Amino acid sequence: MEKNSEKTMPRPQVSGLAHWRWQRMSAVAVLLLMAYFVFVVATIGSLDYAAALAFLATPHQAVALALLVVIGVFHGTLGAHVVIEDYVPVKSGRHALILTANIIMAIIAGASLVAIASVAF
């Protein structure tokens, strides 16, 4: 750790490159999966409830929607982490807020996956 001046706190020289790469890779994956999701929504738009449910219950549709949920929540978690780190001081409970955001995102992902599984199986 190195001090830049007398008035600043020492800060470890940690690179955010890995976080940045995960954010970009997940963004590309979410973009592709959202394009597929738009296609799915357009396809089921003309179907009645039973036919739409049968369409979404096929394994490849369920896997694609589950991937969208998992990667989308992962991407959202990374974004929330960055926002919290940038705007919440350590003294205000940054670490507790990050943990809370992670727990909330995990609950959202879990509930979404359970809903997808209940339709698919």
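A residue is called buried here when its relative accessible area is under 20%, exposed when that value is over 50%, and partly exposed in between. By that criterion, buried residues make up 21% of the 121 residues in the protein chain of this predicted model.

**The whole chain**

Begin with the protein chain in a cartoon view, where four helices and zero strands can be traced, following the pattern α-α-α-α along the sequence. If contacts are then drawn between residues at least 6 apart in sequence, 65% of them join residues at least 24 apart. Switching to a surface view shows about 8,800 Å² of exposed area, of which carbon and sulfur atoms supply 72%.

**Helix 3**

Select residues 59-87, which make up helix 3. The end C-alpha atoms of this helix are 42 Å apart, in agreement with the 42 Å that its 29 residues should span at 1.5 Å a residue. Colour its buried residues next: Gln-61, Ala-62, Ala-64, Leu-65, Ala-66, Leu-68, Val-69, Val-73, Thr-77, Leu-78 and Ile-84. These buried residues pack against helix 1 (17-44), helix 2 (49-56) and helix 4.

**The nonpolar core**

Now show side chains for Ala-62, Leu-65, Val-69, Val-73, Met-105, Ala-109, Ile-116 and Ala-120, the eight residues of the largest nonpolar core. Helix 3 and helix 4 (94-120) are the elements that give two or more residues to this core. In soluble globular proteins, nonpolar side chains tend to be buried together. Centre the view on Val-69 and, setting aside its neighbours within four places in sequence, look for its contacts with Ala-109, Ser-112, Leu-113 and Ile-116.

**Leu-56 in helix 2**

Move from the core to Leu-56, which is found in helix 2. Leu-56 counts as partly exposed because its relative accessible area is 21%, which lies between the 20% and 50% cut-offs. Measured against nothing but its C-alpha position, Leu-56 is 8.7 Å from Ile-116, although the two are 60 residues apart in sequence. Beyond its neighbours within four places in sequence, Leu-56 is in contact with Val-40, Ile-44, Gln-61, Ala-62, Leu-65 and Val-119; Ala-62 and Leu-65 in that list are also among the residues of the core.

**Where helix 1 meets helix 3**

Select Gln-23, placed in helix 1, together with Gly-79, placed in helix 3. Their C-alpha atoms are separated by 7.6 Å, while the residues themselves lie 56 apart along the chain. Gln-23 counts as buried because its relative accessibility is 13%, whereas Gly-79, with a relative accessible area of 23%, is partly exposed. Leaving aside neighbours within four places in sequence, the contacts of Gln-23 are with His-75, Leu-78, Gly-79 and Val-82, and one of these, Leu-78, belongs to the buried residues of helix 3.

**A nonpolar patch on the surface**

Finish on the surface view by selecting Trp-22, Met-25 and Phe-74, which form a nonpolar patch with about 330 Å² of accessible area together. Phe-74 is found in helix 3, and its 35% relative accessibility is why this residue counts as partly exposed.

Conventions
Residues are numbered from 1 along each chain as its sequence is written. This is a predicted model: local features need pLDDT of at least 70, side-chain atom pairs count only at pLDDT 80 or more; totals for chains, interfaces and linings use all residues. Side-chain values use heavy atoms; hydrogens and water are left out. A nonpolar core is a set of buried Ala, Val, Leu, Ile, Met, Phe, Trp, Tyr and Cys residues joined through side-chain atoms within 4.5 Å. Buried means under 20% relative accessible area, exposed over 50%, partly exposed in between (1.4 Å probe, protein chains only). Contact means heavy atoms within 4.5 Å. Patches are made of residues with over 30% relative accessible area and no salt bridge: like charges are joined within 9 Å, nonpolar side chains (Val, Leu, Ile, Met, Phe, Trp, Tyr) within 5 Å. Accessible areas come from the Shrake-Rupley method with a 1.4 Å probe; for residues, only the protein chains shown count as cover. A salt bridge is a side-chain nitrogen of Lys or Arg within 4 Å of a carboxyl oxygen of Asp or Glu. The expected span of a helix is 1.5 Å times one less than its number of residues.
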